[in-house]
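Colleague: I'm new to this one, so could you walk me through how the chains meet?
Modeller: Sure, let's put it up.

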Protein chains: 2
Amino acid sequence: MARRGEGAIIATMTSPSDDSDPPRHPCGACAFGEASVWRPVAPELRARLAQGFRRRQLARDEAIYAQGAPANTVYCLSRGLVALRTTREDGHYSFVRLVRPGEIFGFRSFLARQPHDTEARALTAARVCVVAAREAREVVEGSPQVLGGLALRCAIELRRSRDLRAHSRRGDAGGRLLRLIRDLSADQAPDADGVVRFRLPLSRADMAAALGLAPETVTRRLRRLCEAGALRISGRQVELPAPAAEGGG
Amino acid sequence: MARRGEGAIIATMTSPSDDSDPPRHPCGACAFGEASVWRPVAPELRARLAQGFRRRQLARDEAIYAQGAPANTVYCLSRGLVALRTTREDGHYSFVRLVRPGEIFGFRSFLARQPHDTEARALTAARVCVVAAREAREVVEGSPQVLGGLALRCAIELRRSRDLRAHSRRGDAGGRLLRLIRDLSADQAPDADGVVRFRLPLSRADMAAALGLAPETVTRRLRRLCEAGALRISGRQVELPAPAAEGGG
DNA sequence: CGCGGGGTTGATCACGATCAACGCAAGTGG
DNA sequence: CCACTTGCGTTGATCGTGATCAACCCCGCG
């Protein structure tokens with residue numbers, strides 16, 4: 001439950017317990033059964049929830065919903081990574097949020113009853129649990145605890161967003177970039193030698209958008225980070241050496 | 001109900017209807033009775049809400065709660081302006097949010113059941129409605145609609161925060177600064193000649209923190225804006241000429 | 001009178017944006 | 001199999017911007 005580093009670009013939710021969790025309600029089948037927003041669902045609503053529930057397998061780069069689309073579903077990511085982006089009329093796009101396993105998305109539009117203001121797209125092969133808005137509303141209206149959980153997630157997300165904004169200027173681009181990559185590697189288990197090797201789920205343009213930089217700057221800073229020995233990167237392939245226990249606090 | 005400009009630094013909630021609204025429930029006394037989060041309070045809970053309810057008059061620069069303080073209250077601003085700021089260990093502080101009349105604050109910590117991560121301070125003489133967390137929780141647990149309203153506010157705030165982050169880099173510092181000042185003047189009625197005259201509620205340092213700039217840059221850009229005729233400013237006193245109907249769509 | 005905080009000004013400089021060109025790999029179609 | 005295209009990433013050159021450090025000013029205040 002330890003709070004992640006002050007300036008963490010991306011924070012994790014609770015860690016998945018085990019996949020062997022018995023599927024007691026629709027969402028119980030995923031690893032986040034206990035932590036699911038739908039968890040304390042009233043028995044009489046369980047069937048209703050099951051009705052609006054379905055699971056979806058996503059290929060890398062597959063779209064989940066488009067910007068401006070009506071928000072008639074709430075999503076929970078059980079595997080993989082999902083990016084939330086917005087494109088504006090002038091063509092500029094920004095990286096709104098990275099969704100990690102166990103997190104829900106699409107709920108902001110669901111709560112506000114507005115069309116999605118972001119586009120959701122799988123960054124890797126992924127699996128999402130989908131709950132139709134109609135059933136979701138019934139469940140939410142029937143069980144205040146679920147609504148409370150939703151509100152809590154929203155509050156958490158709000159804090160994260162604020163932290164992001166506050167820290168978006170802190171330090172130089174290199175430091176922020178390194179932090180972003182470290183955060184992206186958080187799910188990856190280190191190799192035997194302590195080095196974390198993984199495929200970067202974000203393009204240079206994505207990283208640039210996430211950090212408020214130009215793609216060229218990302219390239220250059222990455223190279224400087226390489227030269228400084230902070231990491232090795234070739235294309236999307238990253239090697240992140242053990243952080244040498246520098247995380248004091 | 002028209003949505004504010006895309007890049008509005010600060011968005012307004014609903015406009016106050018009238019002060020003559022009969023005080024049907026504790027919050028009915030303020031101008032936002034109809035729009036209050038506590039509004040659809042169940043009759044049996046009204047007394048409970050009244051118990052935890054009180055009103056507070058604030059002088060300019062008076063603190064409402066400190067960063068790190070336990071979040072045992074939820075606030076609704078009925079008059080004046082309030083600033084939410086965070087200070088970090090290294091001394092740097094950031095301007096998290098400006099609270100306008102009709103908006104609630106302190107609810108994020110209330111929802112997350114965490115101590116306040118921001119400090120709240122009145123920027124002008126202000127009046128807040130305070131609801132004790134204990135009673136607030138009872139009301140929220142007893143009436144899902146109130147919780148729903150709270151969640152909605154949270155969702156709105158989340159969107160605002162995201163927009164802020166996405167736009168925080170857009171355009172040059174001068175443009176963002178002018179937009180900030182225009183937003184700050186939104187409550188002010190224009191003079192007979194169409195010029196809006198008001199006292200700036202933010203210090204240079206606050207504006208800098210809100211925009212991610214250095215105070216010196218704020219000073220310089222303000223002067224350039226003056227020279228360009230976009231506004232007149234002397235100390236905290238601002239004159240904002242009519243925006244020449246440039247607000248297209 | 002000295003003090004202190006907020007605000008201003010000046011000089012300097014590193015940083016990152018921008019534009020343009022190029023490399024490279026993965027598709028695509030013949 | 002090879003030309004062609006397309007998108008992503010890289011490199012280079014240039015330039016404006018805003019951060020930083022330092023000094024100073026102004027004003028209120030004890």
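**Where chain A meets chain B**

Modeller: The contact (heavy atoms within 4.5 Å) takes 37 residues from chain A and 37 residues from chain B. This is a predicted model: local features need pLDDT of at least 70 and side-chain atom pairs pLDDT 80 or more, while totals for chains, interfaces and linings use all residues. Residues are numbered from 1 along each chain as its sequence is written, chains are lettered from A in the order written, and side-chain values use heavy atoms, without hydrogens and water.

Colleague: What area is buried between chain A and chain B?
Modeller: About 3,400 Å², with carbon and sulfur atoms giving 55%. That's the accessible area (1.4 Å probe) the two parts lose on being put together, summed over both. In chain A, A:R162, A:R165 and A:R169 lose the most to chain B, together 22% of what that side buries.

Colleague: Why is the pair A:D117 and B:R159 called a salt bridge?
Modeller: The rule wants a side-chain nitrogen of Lys or Arg within 4 Å of a carboxyl oxygen of Asp or Glu. Here the closest N and O atoms are 3.1 Å apart, so the pair qualifies. The rule finds 2 salt bridges across this interface.

Colleague: What makes the two copies related as by a two-fold rotation axis?
Modeller: Superposed by least squares on C-alpha atoms of residues with pLDDT of at least 70 in both, chain A lies on chain B with an RMSD of 0.1 Å after a turn of 179 degrees and a shift of 0.0 Å along the axis. The copies are therefore related as by a two-fold axis. The same surface serves both, as 100% of the contact residues of chain A recur in chain B.
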